[in-house]
Amino acid sequence: MEIQEPHPLLDLRTFIAEFPRPLGEMPSPPELLTLLTCDAPAPLQADDTVREEVRKLLRHAGFNPTGRSKPASEYLLNAARDGRLMPINFAVDVCNAVSLHSGLPISVVDLDRAREPFRVAVAPAGASYIFNASGQSMDLAGLLCLFDADGPCANAVKDAQRTKTDAGTTQTVTVIWGTTALRGRAAQAETWYRELLHQLGASTMDVAAASN
């Protein structure tokens, strides 16, 4: 995966996950659902320092990560505190658990609904995409995004509807939006994330290895 322009704050972690069956046939087990609560035991815990450094990462190129445009990890924390963080599917639930406890925003893209090559870059002025089934659009200008051959498809706030997982998903690309200001945190989140997937029957591989 290419990072189009050098970025002084981005500590990007990416990998591919493969599931033994379509997600619609793999309900999230109780031990995973337990992790969708704030007080669940986890190797990482988010705090105000993590939140502020993630916001600095997103502000670097001019994006304003507040209100409805706050990082996805902040949304998850508020939803978990209010009892609104509900299961979605196996792949998204693992993503949300790791994001909730690490404090880092994480994107999950259905590999079969996206088109390679992938790259990471700051979205230009005028860039946007639809992010939910209702057709709502998000202004992406100044925000670090994952792009596929058809344009931006994910970021640290809201992922594009066109590449989201569904019941038929069998492969995903995960992007952890880490920051160099939190040394080693993105690597720790990736390690835990991949361990959870392996424990629950999925396999993972590096993006570069999958391209060879």
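**Exercise 1. Find which residues N132 touches, leaving aside its neighbours within four places in sequence, and decide whether N132 is buried or exposed.**

Solution. Leaving aside neighbours within four places in sequence, N132 is in contact (heavy atoms within 4.5 Å) with Q161 and K164. The model is predicted, so that local features need pLDDT of at least 70 and side-chain atom pairs count only at pLDDT 80 or more, while totals for chains, interfaces and linings use all residues. Residues are numbered from 1 along each chain as its sequence is written, and side-chain values use heavy atoms, with hydrogens and water left out. Next, place the residue: N132 lies in the loop between β5 (128–130) and β6 (137–139), where strands (E, at least two residues) and helices (H or I, at least four) are DSSP runs numbered from the N terminus. Finally, N132 counts as buried because its relative accessibility is 17%, given that buried means under 20% relative accessible area, exposed over 50% and partly exposed in between, with a 1.4 Å probe and protein chains only.

**Exercise 2. Establish in what order the four strands of the open sheet stand, and then examine where S203 sits.**

Solution. The order is β3-β9-β2-β10, with antiparallel pairing; two strands pair if DSSP finds at least two bridges between them. The edge strands are β3 and β10, each of which pairs on one side only. Direction ignored, neighbouring strands of this sheet are turned by 25° against each other on average, the axes being lines fitted to C-alpha atoms (for helices over the stretch in contact) and angles running from 0 to 180 degrees between N-to-C directions. Now take one pair: β2 and β10 are joined in the antiparallel sense over four bridges. S203 belongs to strand β10, and E18 stands opposite S203. These two residues are 185 residues apart in sequence, yet 5.3 Å apart in space, C-alpha to C-alpha. Beyond its neighbours within four places in sequence, S203 is in contact with I16, A17, E18 and H198. At 33% relative accessibility, S203 counts as partly exposed.

**Exercise 3. Describe helix α5, and state which elements its buried residues pack against.**

Solution. Helix α5 covers residues 185–199, 15 residues, and reaches 21 Å from its first C-alpha to its last, close to the 21 Å expected at 1.5 Å a residue; the expected span is 1.5 Å times one less than the number of residues. Its buried residues include R185, W192, Y193 and L197. The buried residues of α5 pack against β2 (10–18), α2 (48–59), α4 (90–102), β3 (106–110), β9 (171–179) and β10 (203–206). After the helix comes G201, whose phi is positive, near 100°.

**Exercise 4. Determine what lines the largest cavity and which element gives the most to the lining of the largest pocket.**

Solution. On a 1 Å grid over the protein atoms alone, a cavity is a set of points where a 1.4 Å probe fits but cannot get out, a pocket is an open set with protein on both sides within 12 Å along at least five of seven lines, and lining residues have an atom within 4 Å of a point. Grid points are joined across faces, edges and corners, and a volume is the space filled by probe spheres set on the points. A search of the whole structure finds one cavity of 30 Å³ or more. The largest cavity, of about 30 Å³, is lined by A17, F19, A91, V108, T172, T174, Y193 and L197. The largest pocket has a volume of about 780 Å³. Of its 30 lining residues, the closest to the centre are Y75, I88, N96, V157 and K164. α4 gives the most to this lining, with four residues.
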